[in-house]
Amino acid sequence: MDPNENPPPTLPPQEQMRQKRLAKLGGLGGSPASTDSKPQEASKSGSVASNSTPVTPSNQSPTNQENTRPTPLPTRQSNPVVPQSQTVSSNPFSQLGTKNKTEIVKTSNGDSATPPSKKIHIGKEESLDDWTNRVLSDMFRVTLDETKTTDSRGFKSTYLPELRTELEQSGDPIKLTVASVESALLEAVQHLPTTKPILDYLLPCWKRVVRATKPPRPLPPEKEAVVNEAKRLCMSNCIFALTMPEYFSREPNPNHDTLVPYLLRHHDNEDGICMDFFVEATSRISEDETVASVFTDAMVAMSTKLATMTMNDDYKPYINCLVTFSKFPPLLNALVQHPRFRATATPGMTKEQVALLSETQTILGPFFRISPLQPEVTKVFFAGARSIAPNHIKSSQSALQMTLKAHQSDLVGIINAFVRASAASRNATLDWFAFALNTNHKRRALQVKATDVASDGFMVNLTAILDHLCQPFMDSTFSKVDKIDVDYLRRSPRVDMSDETKLNADQATADAFYKTHVAGSSNFISEIFFLTLAAHHYGLGATQSKLKDLDKDIKYVEGLIKKIEAEMPKLQNDPFRLPAARQHHENAVNTVEKYIALKHTIEGVVLDESMQTLSLQFMRYVSVWLLRVASAVDYRPAGGKEIRLPLPADKSDAFSCLPEYSIQDVVENFKFIFRFKPQILVSATGDEIITFCITFLRSSEYIKNPYLKSSLVTLLFSGTWPVYHLSKGILGDSLSSSSFANEHLLHALMKFYIECEHSGVSSAFYDRFNIRYEIFQVIKCIWDNSVYQEQLSRESKVNRQFFVQFVNLLLNDATYLLDEALTKLVKIHDYQIQLHQSQQTGLSPEDVEKIRTDLESAEQQCQSWMQLVNDTMSMMKLFTTTLRDAFTMPEIVHRLAGMLNYNLESLTGDKRSNLKVEDAKKYHFDAKALLSDFVDIYINLKTKPAFIDAVAADGRSYKPKNFQKTSVLLKEKFFKSKEVVDDWDSLCAQVADAKKRLDQAELDLGEIPDEFEDPLMGELMTDPVILPSQNIVDRSTIVQQLLSNPLDPFTRNPMTINDVVPADDLRNRIKEWKAERIAAAKAKVSGGDAMDTSED
């Protein structure tokens, strides 16, 4: 009968189904034996081969035999010849009385059961039929002998009366053969309770069959053929049990017709899925489409279940199962073709729902979701977080790091297998990563609900695995950095950055640039690089940024708890408000416990050293790649061409249109490691990060965002923090020794010092002080290197206008900071006196509370201002020591002298007692040190006549008594050396002489005509110039104005010094007038008429 034809309609439906499946099993040779067919017919149909049929080699790799002939068997012989070496009588060990090794059977619950031992005495050599009957009976634990209730090993056997009857009617021997295995299995399943899945019986059978295929000694070919055929038939029936339970007269049952419970058990369990099962099943996938669906459906079910679990639950069997799947490329190829592998947004879904799809509704998502960062897990690791001991915190963090590391290691292996399985699998996996990242941009929003985006645990795992995928191309010599193709972003990239702010391009420019498609295909390195860069921004970076917010939240709630606790005693007699207060207190405590536990958990996860080491390695690659794109130079830290600064004026569109996070990720990652894990930087950082910061500070026009530019200064500053034995930090020594830094660092810092004056953002005024503080710290770190001192001196001569602008802003800062800090000290002084006298003055409690509040505010501001004052004065001391000529330029010297004189008055004048406050060190205020700084600056510049004249010419603040008072303090209070005191006294004398000379000159000139007087300063002009507004001022006046604010002082229109026109005619008239007045004064003196300068 043709196996493709339907069974005769006279057969019942159950028998028709059975015949159909048997036909499929029988292959092309004909239908297998049925319950009423004779053995001879089965032999004719191809179930048993004839003598001429070759035996399948035992070492042949497993192939799909679902639709092929059964393994042929040799023709049975009536008197089989057995080699003497195989007979029992010739075996010398048979006479020793040794027992067979007891079989240990593992059950599903992990227990071991030892079967009853049964010594088998073989009197004579078994025939092939007898051996086949015995082996098949043991494999499937069935028997045709009603009196034999156990197999050869003592396990219970199922009696098969129907099969025995068939064999008796056909006249065949009452023995199990390969031809009757199908019937035996069908009848054996009938004896299985319908409440139990068929695989509960078939899987243990499979395990026994597999063991039979791996005997201690090789089997003869005819016996090996029997075992292999039994193996094939057993696997086929396992698949039938899952895909067509009707074949076994069972109704479909989702709880039974699945591999899930068996996959979750250990491979060694009798009812678990062993590796041989995977090998055999996957070998059939190409021929039988139902096999793949059995496994993919099981994995989808397990993934769905895992989505409801946390790391607190028994999740490991699910991970182990996917790890096992990853060993078989056909299974992975089948998984990526399943609709649940990729996330698919449906119409009507909100952005929030789409953001969660990858994590909860895909096959891989729930595996990446498992993390210590799950809220339920943080409560377990850090129960009672407010009172937990520090050592317990560390041990808990170590435990969760180990757990997470093991989990991520499994994920790395899984994803590597998906990537290597096939091109289709690799592309599907990259698509899955991209969808998760592209739908979670909101994670970097200023305000975002945790439930509206993918979880931190999911995104951190995603970032960590992508970091691992980058490892193969991230070598220490950056040899493969040229494989990262910037044109990837113009080849329909997987990464969506259309809504991201660009480095130096507006949206329209970027859209136009990326609209131009570049031909070709992108390599795998480029794909992974850009995915990982985005993952750091939306994943690990977003999670790390939460630490700062958590600190603020914890501080706020703790303050709220203290307020409630302070109020509760007052409410003891209030039955209405007391319960509410207690409830608020309980809620606040629960909230802060949650915040603290989450903070400890995030720290434990993100501070894992191995994770941050990989992250750092990737960011080093990003920094080198960005430098190459911006400079168009084949730059590599170890070899390659050097970058020349400044960068080309024509900025590359490819660089300008990159997202801001390409630089932001590098800076934030390095800053985080500098703060929390500096030890991994000691041996893992090269010159690339110094080159990166200096390059984009020197050519800051390449970056539009002022905050992003200032973060480069912060990064350099972080690198100078003392770490272990490195007193100058991780970068300090490199900044001093690097030839690139020696040439460009100082100019880059000074350039940005000037640039941050006008950043265009609302908080720029106050931000600039923090930026300049960090610049000062970097300069102090490198100032010991004479190369930098020489470079600054050269800069002041070669690039005079640039340097004057820098010094002018330095004076502006010093003037403002000193004024703010000393003013706040006077207020603190007054508030402290008021509080001490509150009882005498009869202040009300409300007034006292207001004074305390004002005092706290003044203290906080004073602490900030004074710290900046100290650093600014420190910089001025350094610069005036080395650059005396630069600080006595005409554009600078008068402002410098005025600032020094004014603050000398504050520190030594009549009102200096107003600066006395309680615990002055609390505010970083040391009057003695501050006055000493001023004295040092005066002395540094005393050899310059221009400075002496400027100090004496300061009519507003110069007072000889202040200089005399300072001299007394240096001797009697500060105990300065004689050399310092002598220098100061010499300065005082020089200034006094200059004052007399200048006063006389002013008297000689007399009253200045209005047309010769500077309208802004009220002084005689020496070099008048005409502004664009047609107003006339002295050149020195407009130069100082433009240094601080590049606007016309009369119209507020933008202008530069190049816009002024010399008023030559007026200048000549002023010179003539001045010469006449001086000549007249000299004539009077020579004529003996002394000028009367007394007042009426």
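This section describes helix packing, burial and selected residue environments in a predicted model. Residues are numbered from 1 along each chain as its sequence is written, and side-chain values use heavy atoms, with hydrogens and water left out. Local features required a pLDDT of at least 70 and side-chain atom pairs a pLDDT of 80 or more, whereas totals for chains, interfaces and linings use all residues.

Helices (DSSP runs of H or I, at least four residues) and strands (runs of E, at least two) are numbered from the N terminus. Axes are lines fitted to C-alpha atoms, for helices over the stretch in contact, and angles between N-to-C directions run from 0 to 180 degrees. Helix 6 (residues 199-212) packs on helix 7 (residues 221-243) at an angle of about 160°, with the axes 9 Å apart. Helix 6 is therefore roughly antiparallel to helix 7, a description applied to angles over 145 degrees, while those under 35 count as roughly parallel, 65 to 115 as roughly perpendicular and the rest as oblique. The crossing of this pair is left-handed, meaning that the near helix is turned anticlockwise from the far one by less than a right angle; a clockwise turn would be right-handed. Contacts (heavy atoms within 4.5 Å) involve Leu199, Leu202, Cys205, Trp206, Val209 and Ala212 of helix 6, and residues of helix 7 including Val227, Cys234, Cys238 and Leu242. The residues of this contact comprise 13 nonpolar, one polar and one charged, where Ala, Val, Leu, Ile, Met, Phe, Trp, Tyr, Cys and Pro are nonpolar, Asp, Glu, Lys and Arg charged, and the others, Gly among them, polar.

Within helix 7, Cys234 is a contact residue and counts as buried because its relative accessibility is 0%; buried denotes under 20% relative accessible area, exposed over 50% and partly exposed in between (1.4 Å probe, protein chains only). The closest cysteine sulfur to that of Cys234 belongs to Cys238, at 4.5 Å, too far for a bond. With a disulfide defined as a pair of cysteine sulfur atoms within 2.5 Å, the count is zero.

A second helix pair is formed by helix 31 (residues 800-836) and helix 35 (residues 890-908), whose axes come within 10 Å and cross at roughly 15°. The two helices are therefore roughly parallel to each other, and their crossing is left-handed. Among the contributing residues are Val804, Leu811 and Leu818 of helix 31 and Ile892, Leu896 and Met899 of helix 35. By class, this contact has eleven nonpolar, five polar and four charged residues. Both helices also help to cover the buried residues of helix 40, as do strand 5 (1024-1026) and strand 6 (1032-1034). In helix 40 (residues 1035-1044), the buried residues are Thr1037, Ile1038, Val1039, Leu1042 and Leu1043.

Helix 25 (residues 688-698) is mostly covered, eleven of its eleven residues being buried. Among them is Cys693, which counts as buried because its relative accessibility is 1%. The elements covering helix 25 include helix 22 (609-631), helix 24 (661-676) and helix 28 (739-755).

Two further residues were examined individually. His600, located in helix 21 (residues 577-606), is buried, with a relative accessible area of 10%. Not counting residues up to four places away in sequence, His600 touches Phe382, Ala385, Ile388, Ile393 and Gln397. Arg342 occupies the loop between helix 12 (329-336) and helix 13 (351-360) and is partly exposed, at 35% relative accessibility. With the same sequence exclusion of up to four places, Arg342 touches Val336, Thr362, Asn427, Ala428 and Asp431. The C-alpha atoms of Arg342 and Trp432 are separated by 5.8 Å, although these residues lie 90 residues apart along the chain.
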